[in-house]
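Work through the exercises below with the model open. Try each task before reading its solution.

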Amino acid sequence: MSIPPAKITTTENTTEKTPLKSRYTFWYRIREESNKSSHKIIDKKEYENQVRKIAEFETVEDFWAIFQHLRKPDSCGPGIDFQLFRYNIKPIWEDDNNKNGGKVSIKLRQGFTTIIWEEIIFSLIGDVLPENIKNDINGIVCSTREQFNILQIWFNNWNSEKNNIFF
């Protein structure tokens, strides 16, 4: 009995893409030199003007086309915020989708930030986060600092019950 050769299929020549459950936008912010190491509070309008859109995506293929060109947090110096938010939600607290929200912040040792940042991204866009919180997450932020980095998960609605999920 002979074994038939394996059939290999590719998606190279097709236009069909794999949709994600949600649409997302990558953003970034480079903090002004004077704000990189200090904790100086800046005006809301100034902050909003510093936030820049990179690209939007709604398919796996479009995500990878963008993601492969993004810098990794551990390869950057202090002063950069990497942001991934659901479509039509800006990474500012004044956005209507964030006004009643809150965040969980985690300090990360440098050298470990990129892997954790990427795993959270994959979990968010892959829709594999716990059912009780995944629809409440508006976005994630990774901020590079001098001594450590900070990862934030932003929620659209915040209450003490959500706080108990993490602590």
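**Exercise 1. Overall layout**

How many helices and strands does the secondary structure of the protein come to?

*Solution.* The model is predicted: local features need pLDDT of at least 70, side-chain atom pairs count only at pLDDT 80 or more, and totals for chains, interfaces and linings use all residues. Residues are numbered from 1 along each chain as its sequence is written, and side-chain values use heavy atoms, with hydrogens and water left out.

Step 1. Count the elements: five helices and six strands. Helices (H or I, at least four residues) and strands (E, at least two) are DSSP runs, numbered from the N terminus.

Step 2. Read along the sequence. The pattern is β-α-β-α-β-β-α-α-β-β-α.

Step 3. Check burial. The protein has 167 residues, of which 37% count as buried. Buried means under 20% relative accessible area, exposed over 50%, and partly exposed in between (1.4 Å probe, protein chains only).

Step 4. Check contact range. Take the contacts with a separation of 6 or more: residues 24 or more positions apart account for 75% of them. Contact means heavy atoms within 4.5 Å.

**Exercise 2. Strand E5 and its partners**

Find the strands that pair with E5, and give the sense of each pairing.

*Solution.* Step 1. Locate E5 at residues 137–144. Eight of its eight residues are buried, so E5 is largely enclosed by the rest of the structure.

Step 2. Take E3. E3 and E5 run antiparallel, with five bridges. Two strands pair if DSSP finds at least two bridges between them. Asp81 stands opposite Ser143 in E5.

Step 3. Take E6, residues 149–155. This pairing with E5 is also antiparallel, over seven bridges. Ile140 has Ile153 in E6 as its bridge partner.

Step 4. Trace the link. Four residues form the hairpin connection from E5 to E6.

**Exercise 3. Two strand residues**

Is Arg29 buried or exposed? Is Thr59 buried or exposed?

*Solution.* Step 1. Place Arg29 in strand E1, residues 19–30. Its relative accessible area is 6%, so Arg29 is buried.

Step 2. List its neighbours, leaving out residues up to four places away in sequence. Arg29 touches Ile42, Tyr47, Gln50, Val51, Gly79, Ile80, Asp81 and Gln83.

Step 3. Look for a polar contact. The side chains of Arg29 and Gln50 make one of 2.7 Å. The term covers a pair of N or O atoms within 3.5 Å; within protein, one must be able to donate a hydrogen and the other to accept it, and residues adjacent in sequence count only if both atoms are side-chain atoms.

Step 4. Turn to Thr59, in strand E2 (residues 51–59). Thr59 is buried too, at a relative accessible area of 10%. Beyond residues up to four places away in sequence, Thr59 touches Lys17, Thr18, Pro19 and Leu20.

**Exercise 4. Empty space**

Which residues line the largest cavity, and which line the second largest pocket?

*Solution.* Step 1. Fix the terms. On a 1 Å grid over the protein atoms alone, a cavity is a set of points where a 1.4 Å probe fits but cannot get out; a pocket is an open set with protein on both sides within 12 Å along at least five of seven lines; lining residues have an atom within 4 Å of a point.

Step 2. Take the cavity. The structure holds one of 30 Å³ or more. The largest has a volume of about 40 Å³. Phe26, Trp27, Ile54, Leu70, Arg71, Phe82, Gln83 and Trp117 line it. E1 and E3 are the elements that give two or more residues to this lining.

Step 3. Take the second largest pocket, with a volume of about 160 Å³. Its lining is Tyr28, Ile30, Ile54, Leu70, Arg71, Cys76, Ile80 and Phe82. E1 and E3 (80–86) each supply at least two of these residues.

**Exercise 5. Loop residues**

Where is Asn88, and where is Pro78?

*Solution.* Step 1. Asn88 lies in the loop between E3 and strand E4 (102–108). Asn88 is exposed, at 58% relative accessibility. Its phi is positive, about 70°, although Asn88 is not a glycine.

Step 2. Pro78 sits in the loop between helix H2 (60–67) and E3. Pro78 is partly exposed, at 27% relative accessible area.

Step 3. Pair Pro78 with Ile30. They are 48 residues apart in sequence, and 9.2 Å apart in space, C-alpha to C-alpha.

Technical notes. Grid points are joined across faces, edges and corners, and a volume is the space filled by probe spheres set on the points.
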